[in-house]
Amino acid sequence: MQLDDVDLGNRRITVGGHVRPLDDLTRRAVLDWLDYRRSRWPNTANPHLLITQKTAVELGPAGKLWTTRATRNLTATLERLRVDRQLEEALTHSADPLHLALVFGIDEKTAIRYADSARALLEQAAEHSPAPSGKELGPD
C-alpha cells in the first residue's frame, strides 16, 4: 500500500485496487502512523505507507516478515483484528451483509456469515437485557 492509496480528505482508502470508506478507527491509526513516520524519517522518499528503518532509505515496502514480527506475541493478531473489525461493523450497521461486502470487499457468503453472527449477538443481548419496570414510565 502506498501513501497515495490513503485519501484522508475524502475518508477513503484503496486496498488491493478497491476503494473503501475509511472508518474512524482506521483513520486515527493512519494519522498516528503518519505522524510517527514523519518524525522518525522526515527525509524519506519512500512512497509506501508502511516503512522500516531499512526501507526508509530505499523505495520498497516493509516486508511481510516485519509485519509478522511487529505483531508476534500480541493477543490481538492481525487476523483477530480483521475479524473483530468486520463483526463490529456488522453490529453497528444493522447486520447488513451488503454494507459489509461493500466496505470490506468480501464475498456475499462471508458477509452473510458476519451478518448472521451479528444478529445472533444482538438477539442474545436483547434477551439478557432487563425488562423495563413500570417505574421508568412517566405518569399516565
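## A guided tour of the predicted model

Begin by selecting arginine 12 and proline 21: proline 21, in β3, is the bridge partner of arginine 12. Strands are DSSP runs (E, at least two residues) and helices likewise (H or I, at least four), both numbered from the N terminus, and two strands are said to pair if DSSP finds at least two bridges between them. The model is predicted, and local features need pLDDT of at least 70, side-chain atom pairs count only at pLDDT 80 or more, and totals for chains, interfaces and linings use all residues. Residues are numbered from 1 along each chain as its sequence is written, and side-chain values use heavy atoms, with hydrogens and water left out.

**The sheet**

Next, display β2 and β3 together. These strands pair in the antiparallel sense over 4 bridges. They form a hairpin with 2 residues between them, and glycine 16 in the turn has a positive phi of about 60 degrees.

Then add β1. β1 pairs with β2 (residues 12-15) in the antiparallel sense over 2 bridges. Select valine 6 to follow this pairing: its bridge partner in β2 is isoleucine 13. In general, strands of a sheet pair through backbone hydrogen bonds, either parallel or antiparallel.

With the three strands in view, the order reads β1-β2-β3 in an open, antiparallel sheet. β1 (6-7) and β3 (18-21) stand at the edges with a single partner strand each, so one side of each has no neighbour in the sheet.

**Two residues with positive phi**

Most residues other than glycine have a negative phi. Select arginine 11, which is not a glycine yet has a positive phi of about 55 degrees. Arginine 11 is in the loop between β1 and β2, a hairpin with 4 residues between its strands. Arginine 11 counts as partly exposed, because its relative accessibility is 30%; by relative accessible area, buried means under 20%, exposed over 50% and partly exposed in between (1.4 Å probe, protein chains only).

Move on to alanine 95, another residue that is not a glycine and has a positive phi, of about 50 degrees. Alanine 95 lies in the loop between α3 (78-92) and α4 (97-104). At 1% relative accessibility, alanine 95 counts as buried.

**Across the helices**

Select asparagine 43 in the loop between α1 (24-40) and α2 (64-71). Asparagine 43 is exposed, with a relative accessible area of 74%. Draw a distance from its C-alpha atom to that of lysine 109: the two are 45 Å apart in space and 66 residues apart in sequence.

**The whole chain**

Finally, zoom out to the 5 helices and 3 strands of the protein. From the N terminus, the elements run β-β-β-α-α-α-α-α. Along the principal axes, the C-alpha atoms fill a box of roughly 70 × 35 × 35 Å. The radius of gyration is 20 Å, whereas a compact globule of 140 residues would have one near 14 Å; the value is taken over C-alpha atoms, and the globule rule is 2.2 Å times the number of residues to the power 0.38.

Colouring by accessibility shows where the buried residues lie; they make up 24% of the 140 residues. Of the contacts (heavy atoms within 4.5 Å) with a separation of 6 or more, 29% join residues 24 or more positions apart.
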